[in-house]
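Please open the model in the viewer and keep the sequence panel visible. The tour below proceeds from one selection to the next.

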Amino acid sequence: MSDHNTPTSLESGSHENLPARLGYSPLADIEHKPRLTDTDPKAARRAERQVATMFVLSILLVIAFVAAYIGIDKSTIVYIPLFGEVGALTFALGLCMGLGVFLIGAGAIQWAKKLMPDTEVVAQRHEMASPEEATEEAEANYQRGKTESGFAQYKIIRRTLIGALALFPIPLVLMLRDLWVTPAGSPSPDAILSKTLWKKGERIVVDGTYVPVKAEDLPVGGLISAVPADLQEVEEVEGNLNARAKAAIIVIRMDPSDIRSQQGDGWDYQGILAYSKICTHVGCPIALYEQRTHHLLCPCHQSTFDLADAGNVIFGPAARRMPQLPIGVDAEGYLVAMSDFAEPIGPSFWERG
Ligand code: FES
């Protein structure tokens with residue numbers, strides 16, 4: 001058995017008897033093959049220089065990193081073969097940082113492989129089982145506790161306690177049931193999510209400012225996050241904060257010739273389309289719109305919807321298209337809804353009921 005508290009002193013460069021000084025013993029059945037650096041002092045010095053060179057280069061790269069950060073203009077673009085045109089500052093910082101870290105790692109590996117001791121050793125461990133006296137004492141304590149608590153003596157208490165503990169999880173299971181069973185008489189999730197503040201003639205206003213939107217205010221390629229004009233009153237007067245979560249929409253404009261299909265005939269207004277802003281996967285709000293492809297990307301799990309093709313899912317875990325809101329303009333030229341959504345907004349969990 002080794003004494004792990006014995007202090008050890010390592011002389012620089014000397015690995016002889018190192019395992020023994022650390023309290024380890026060499027593995028008898030594995031033959032140790034000395035490396036060149038173990039037997040040739042010149043090779044050892046060469047390896048030492050290689051490792052030190054890598055660390056010095058890493059230091060220089062850190063200095064180069066700082067110099068590049070200070071000296072290179074952010075807007076400078078350079079052409080790098082294989083990469084094409086890239087920002088000079090980004091490229092220099094990445095190169096210095098990457099190479100610097102690589103050289104520290106490579107130097108450490110070289111050091112470990114060529115210069116650190118590589119003798120196969122085993123550390124003897126002390127007995128894991130407790131001493132017999134400790135085991136007997138624990139057993140005696142358990143028996144004394146059993147007797148003093150009366151657990152063995154009072155049979156009725158023991159049995160009723162076991163019964164109480166066995167039945168205790170039942171209320172928890174019943175409460176879990178409430179997560180997927182709608183109480184009798186209350187509206188189903190489908191009905192709740194099918195009714196929003198949108199209705200025929202409801203003005204579309206900018207989310208946050210409540211400014212109504214005219215069709216000519218929205219250029220081709222533009223997007224706004226919008227809500228129904230009534231939302232302000234519903235939130236401030238009635239204190240209903242759920243209404244926003246159901247009624248939030250995005251309004252985008254594309255060239256009418258780019259629209260391949262919609263969820264209803266003429267649901268756009270001169271290329272302006274409105275879709276729910278709530279992802280049909282698990283309900284994240286979405287406004288990441290790529291105007292050239294007309295794709296709407298959900299940042300949560302990367303579901304992608306094609307807004308030029310009826311909001312259909314083209315990628316990701318969402319199982320249902322993004323609901324479209326039919327829109328038009330009122331007598332003053334402001335964008336308005338033509339009805340509520342034709343299908344429930346948000347996650348599609350109710351379909352499993
Ligand atoms: S919530 Fe949109 S992809 Fe999951």
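In which hand, left or right, does H3 pass H4 in their crossing? H3 passes H4 in a left-handed crossing, a term used if the near helix is turned anticlockwise from the far one by less than a right angle.

This is a predicted model, in which local features need pLDDT of at least 70, side-chain atom pairs count only at pLDDT 80 or more, and totals for chains, interfaces and linings use all residues. Residues are numbered from 1 along each chain as its sequence is written.

Select helix H3 (residues 41-71) and helix H4 (residues 88-114); helices (H or I, at least four residues) and strands (E, at least two) are DSSP runs, numbered from the N terminus. Their axes, lines fitted to C-alpha atoms over the stretch in contact, come within 8 Å and cross at roughly 160°, on a scale from 0 to 180 degrees between N-to-C directions. H3 is therefore roughly antiparallel to H4 (over 145 degrees).

Next, select strands S9 to S12. They form an open sheet in the order S9-S10-S11-S12 with antiparallel pairing, where a pair requires at least two DSSP bridges. Strand S9 (288-290) and strand S12 (312-315) are the edges, each pairing on one side only. Within the sheet, three bridges join S10 (residues 295-297) to S11 (residues 304-306), and leucine 297 stands opposite threonine 304 in S11.

Finally, colour by pLDDT, the predictor's confidence in each residue, from 0 to 100. The protein chain has a mean of 86, but residues 1-13 stay under 50. Where pLDDT is low, the predicted coordinates should not be read in detail.

Notes
Parallel < 35°, antiparallel > 145°, perpendicular 65-115°, else oblique. Contact = placed C-beta atoms within 7 Å.
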